[in-house]
Amino acid sequence: MKKSIVISIPEPCHEDWAKMSATEKGKFCSVCTKEVFDLTTKTDEELVKILTKSKNACGRVKKSQLNREVNLARKSGQS
């Protein structure tokens with residue numbers, strides 16, 4: 001069974017990533033008072049896991065991660 005999402009950003013944030021404070025998972029945006037995940041190095045599986053857990057996540061992504069199906073391949077429960 002596969003779980004998939006499509007990452008799209010209809011209104012991208014214009015805040016400067018370089019000016020944000022570093023955090024464990026990315027950076028902190030003082031304008032929106034939110035943690036912004038650095039998703040640029042994440043695999044498709046990691047993207048699906050992070051973004052399905054947090055419905056209102058902010059993240060830094062690469063253009064190649066946008067507007068395509070991102071899949072999480074689930075392993076079948078075989079014993």
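Colleague: Which side chain does R68 meet in a salt bridge?

Modeller: General idea first: side chains of opposite charge can pair when their charged atoms come close. The cut-off for a salt bridge is a side-chain nitrogen of Lys or Arg within 4 Å of a carboxyl oxygen of Asp or Glu. Here, R68 meets the side chain of D44, with 2.8 Å from N to O. The two residues are 24 apart and link distant parts of the chain: D44 belongs to helix α1, R68 to the loop between β5 and β6. Before we go on, bear in mind that the model is predicted: local features need pLDDT of at least 70 and side-chain atom pairs pLDDT 80 or more, while totals for chains, interfaces and linings use all residues. Residues are numbered from 1 along each chain as its sequence is written, and side-chain values use heavy atoms, leaving out hydrogens and water.

Colleague: How many salt bridges does a search of the whole structure find?

Modeller: Just 1 turns up in the whole structure.

Colleague: And are its two ends buried or exposed?

Modeller: Neither; we have an in-between class. Buried means under 20% relative accessible area, exposed over 50%, and partly exposed in between, using a 1.4 Å probe and protein chains only. R68 is partly exposed because its relative accessibility is 29%. D44 has 26%, so D44 is partly exposed too.

Colleague: Let's step back to the fold. How many helices and strands does the chain have?

Modeller: The chain has 1 helix and 6 strands. These are DSSP runs numbered from the N terminus: H or I of at least four residues for helices, E of at least two for strands. Reading from the N terminus, the order is β-β-β-β-α-β-β. Buried residues account for 20% of the 79 residues. As for contacts (heavy atoms within 4.5 Å), take those between residues at least 6 apart in sequence: 46% of them join residues at least 24 apart.

Colleague: What order do the strands of the open sheet have?

Modeller: Strands of a sheet pair through backbone hydrogen bonds, either parallel or antiparallel. We call two strands paired if DSSP finds at least two bridges between them. In this model the 4 strands of the open sheet are ordered β2-β3-β4-β5, and the pairing is mixed. At the edges, pairing on one side only, sit β2 (21–22) and β5 (58–60). β2 and β3 run antiparallel with 2 bridges, and S21 stands opposite F28 in β3. A hairpin of 3 residues connects β2 to β3. β3 and β4 are antiparallel as well, joined by 4 bridges.

Colleague: What is special about the phi of T33 in that second hairpin?

Modeller: Most residues other than glycine have a negative phi. T33 has a positive phi of about 50°, in the turn of the hairpin that puts 4 residues between β3 and β4. Its relative accessible area is 56%, so T33 counts as exposed. N67 is another case: not a glycine, yet with a positive phi of about 55°. N67 sits in the loop between β5 and β6 and counts as exposed because its relative accessibility is 58%.

Colleague: Now K27, which puzzled me. What is the nearest side chain of opposite charge to K27?

Modeller: For charge, Lys and Arg count as positive and Asp and Glu as negative, with His and the chain ends not counted. For K27 the nearest opposite charge is D16, 7.6 Å away; K27 is buried and has no salt bridge. A polar atom of the K27 side chain does lie 3.3 Å from the backbone oxygen of W17. K27 is in strand β3 (residues 26–29), with V36 in β4 as its bridge partner. Leaving aside residues up to four places away in sequence, K27 touches several others, including W17, M20, K34 and E35.

Colleague: Which residues make up the largest nonpolar core?

Modeller: In soluble globular proteins, nonpolar side chains tend to be buried together. A nonpolar core is a set of buried Ala, Val, Leu, Ile, Met, Phe, Trp, Tyr and Cys residues joined through side-chain atoms within 4.5 Å. The largest one here has 8 residues: I5, I7, F37, L39, L47, V48, V70 and L72. The elements giving two or more residues to this core are α1 (44–53) and β6 (69–73). L72, in strand β6, counts as buried because its relative accessibility is 10%. C-alpha to C-alpha, L72 is 4.7 Å from E45, though they are 27 residues apart in sequence.

Note on methods: Polar contact = N/O pair within 3.5 Å; in protein donor to acceptor, adjacent residues only side chain to side chain.
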